[in-house]
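Student: I've got a two-chain model open and want to check the labels people put on it. Can you take me through the reasoning?

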Amino acid sequence: MSTPTPAPDPRLRSNKLLWIAGALIVVAVLSNALFFVKVPGQHLLPWLNLVLFALPLVLVIAGLRRTIAEPRIYRGRTASWLLAGLSGVLFAFSVFALYVSRNIPDASSAPQVGQTAPDFTLPDTAGKPVALHDLLLLPIANGAPPKAVLLVFYRGYW
Amino acid sequence: MPEFQAAGVRPVAISVDSTQTSANLRRDAGYSFTFLSDPATEVIRRYHLLHPAGGPDKHDIARPAEFLVDPHGVVRWVNFTEDIRVRARAGEMLAAAQKIQ
């Protein structure tokens, strides 16, 4: 005598929160590419990035609670734990990235608008000494002296 | 960079990289403007832009900063980012350069 397979619980529902969270994780990871696009309002990107990594974590935790509280209705407990782990690690990483990228000395002592830029002499890529006062006066490729010199200090080690 | 030349702006990049490292970067990136090397962070300190131990192996480097300096040596525009992932856009610098006469 074979035991009949139990009919599936008619209340069984898929855990949509997990799918949404999974999609948001992909969006959050892809949003990092925006840092390479020089769009207006870029200073908001680090915070947008953080929120995009926090949202799926919240959704996954909600989804996980459902599978624990109502296991007969919501499936996907293993998937919930895996997603919770993944989004937890990614969120922690985005917090760390925010901390590292903002952990730079302030520039309140640096020359400000209206002040004189200190003169200096440094070697160029050919090893030739170059002075700021020459950069300000020597003609550029259009044959005229520059209207302005754009000094770009960067971190190096590229 | 032709936009900068058209606006009469001479870009100059400064970092702690050696002249050889800067030469490689300049060649590989196809840049034609001037790259200056300040491995001793002498000028970076003079501009109060030192980021102590900010580089790999705890090397001192420059915190990112951009200045537009007019022919009299006066700073006309600055940008000090608070997040190294967020940098000044060329459009902002060109707009600032247009205002210098």
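Tutor: Sure. This is a predicted model, and a good place to begin is helix 2 (residues 45–69) of chain A, which packs against helix 3 (residues 77–102) of chain A at an angle of about 155°, with the axes 9 Å apart.

Student: Why are helix 2 of chain A and helix 3 of chain A called roughly antiparallel?

Tutor: Set the value against the cut-off. Angles over 145 degrees count as roughly antiparallel. The angle here is about 155°, so helix 2 of chain A and helix 3 of chain A are roughly antiparallel to each other. Their crossing is left-handed.

Student: What makes up the contact of helix 2 of chain A with helix 3 of chain A, by class?

Tutor: That contact has 16 nonpolar residues, eight polar ones and one charged.

Student: OK, on to the two chains. How many residues of chain A are in contact with chain B?

Tutor: 49 residues of chain A, and they meet 60 residues of chain B. The cut-off for a contact is C-beta atoms within 7 Å. On the chain A side, the elements that give two or more residues are helix 2, helix 3, strand 1 (121–123), helix 4 (132–137) and strand 3 (148–153). The largest share, six residues, comes from strand 3 of chain A. By class, the side of chain A that touches chain B divides into 32 nonpolar, twelve polar and five charged residues.

Student: How do you know that strand 3 of chain A and strand 1 (residues 9–15) of chain B pair?

Tutor: Pairing needs at least two bridges. Strand 3 of chain A and strand 1 of chain B have six, in the parallel sense. As a spot to look at, A:Phe153 stands opposite B:Ile14 in strand 1 of chain B.

Student: And within chain B, what makes strand 5 (residues 65–69) and strand 6 (residues 75–79) a pair?

Tutor: Use the test of at least two bridges again. Strand 5 and strand 6 of chain B have four, in the antiparallel sense, and B:Phe67 has B:Val78 in strand 6 as its bridge partner. The two strands form a hairpin with five residues between them, and B:Gly73 in the turn has a positive phi of about 85°.

Student: What is the pattern of chain B along the sequence?

Tutor: α-β-α-β-α-β-β-β-β-α, with four helices and six strands. The C-alpha trace of chain B spans about 40 × 30 × 25 Å along its principal axes.

Technical notes: Residues numbered from 1 in each chain as written. Chains lettered and ligands numbered in written order. Predicted model: local features only at pLDDT ≥ 70, side-chain atom pairs only at ≥ 80, totals over all residues. Axes fitted to C-alpha atoms, helices over the stretch in contact; angles between N-to-C directions. Parallel < 35°, antiparallel > 145°, perpendicular 65-115°, else oblique. Left-handed = near helix turned anticlockwise from the far one by under 90°. Nonpolar A, V, L, I, M, F, W, Y, C, P; charged D, E, K, R; others polar. Contact = placed C-beta atoms within 7 Å.
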